[in-house]
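Q: Got a minute to go through this one with me? I'll pull it up.
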Amino acid sequence: MIILDTKKDYKNHINLLKSRGEIISLVPTMGNLHNGHLSLVKIAKQNSSKVITTIFINPLQFGKDEDFASYPRTINKDISKLKKLNCDVLFVPKSQNEVFNNIDNLKHLKAGPKGSILCGNFRPGHFDGVLKVVYTLFKLTYPDLSVFGLKDFQQLYLIKQMAKIYFPKLKIISAPTIRTKNGLALSSRNSYLDKESIKTAPLFYRTLLDGINNLNNSNNVEETIKYITANLEKNRFIVNYVSFLTTELEKLKLNTSERKILLSSVKLGQTRLIDNIEFN
Ligand code: AMP
């Protein structure tokens with residue numbers, strides 16, 4: 001695996017790969033890699049001839065009081081995991097300047113109304129920051145395809161919208177959520193959970209599954225949201241939101257054939273958890 005840490009070396013290497021006609025896939029991450037991230041690399045491998053993973057903790061997507069400083073940094077372990085999967089290139093910028101040298105040039109990247117609902121409502125500016133880094137990585141790489149996790153459904157949705165406008169030839173692949181045996185979606189932030197919370201956390205997903213059953217029986221969205229919220233609160237989750245929408249993040253009408261999704265974000269202690277389930 002070739003490891004590069006400057007924009008200059010990275011661009012040179014991309015040019016070399018392109019001159020050889022390689023099909024390039026890009027897997028952007030913030031590191032502390034777990035099996036969810038690694039599943040994206042495997043999908044990228046199956047769909048391209050050269051896989052590039054990036055590890056960059058993007059300051060623009062963290063709020064003032066969020067965990068940018070304490071976000072887990074495990075670069076040596078990450079490198080050995082990527083080597084085992086035969087990832088071809090790792091770009092790990094040595095400073096923020098290697099990614100963002102002129103943030104003013106990125107002013108036009110706004111997540112818009114669908115970036116202000118759900119997680120965006122609780123993390124103002126978060127998705128603008130996400131789009132700025134993903135756009136910049138796409139510009140540096142011009143990959144043929146890029147893989148993102150469905151766990152971060154709203155993020156994936158907004159990236160697809162952005163890519164449609166600025167990178168129309170780029171294929172975005174949506175990767176299924178990887179979970180522990182008891183259903184907890186893997187996340188770098190799970191490492192913040194203490195012993196007690198690790199036991200409680202899987203109830204988040206189970207409560208959402210139960211909520212979908214409840215909706216199927218009751219056909220009442222408002223009552224089901226109350227039901228899910230009450231069940232989560234019983235188990236000491238602080239609920240940020242529980243929302244039923246279409247997979248276009250539009251208001252849900254029941255009894256239609258539109259794909260539907262239940263999305264939720266909670267806090268368990270100081271740890272933010274997000275999850276979602278698509279259903280018919
Ligand atoms: P992050 O490092 O949190 O920015 O995540 C990098 C990529 O990994 C994003 O596309 C996430 O959606 C994806 N990802 C994170 N957790 C999971 C998971 N449990 N299963 C699948 N993909 C995931």
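Q: Which helix or strand gives the most to the shell around the ligand?
A: H2 does, with three residues. Helix H2 covers 35–47, and strands E2 (24–29) and E5 (145–149) also supply at least two shell residues each. Helices (H or I, at least four residues) and strands (E, at least two) are DSSP runs numbered from the N terminus.

Q: Is this predicted, and how are things counted?
A: It's a predicted model, so local features need pLDDT of at least 70 and side-chain atom pairs 80 or more, while totals for chains, interfaces and linings use all residues. Residues are numbered from 1 along each chain as its sequence is written, and side-chain values use heavy atoms, with hydrogens and water left out.

Q: Which residues come nearest to the ligand?
A: Of the 16 around the ligand (a heavy atom within 4 Å), His37, Gly149, Asp152, Ile178 and Leu186 come nearest.

Q: What does the side chain of aspartate 152 do there?
A: One of its N or O atoms sits 2.6 Å from a ligand oxygen. A ligand nitrogen is 2.8 Å from a backbone N or O atom of leucine 186. Polar contacts here are N or O pairs within 3.5 Å.

Q: Switching to H1: which residues are buried?
A: Lys7, Tyr10, His13, Ile14 and Leu17, buried being under 20% relative accessible area and exposed over 50% (1.4 Å probe, protein chains only).

Q: And which exposed residues are on the face turned away?
A: Lys8, Asn15 and Ser19.

Key:
Polar contact = N/O pair within 3.5 Å; in protein donor to acceptor, adjacent residues only side chain to side chain.
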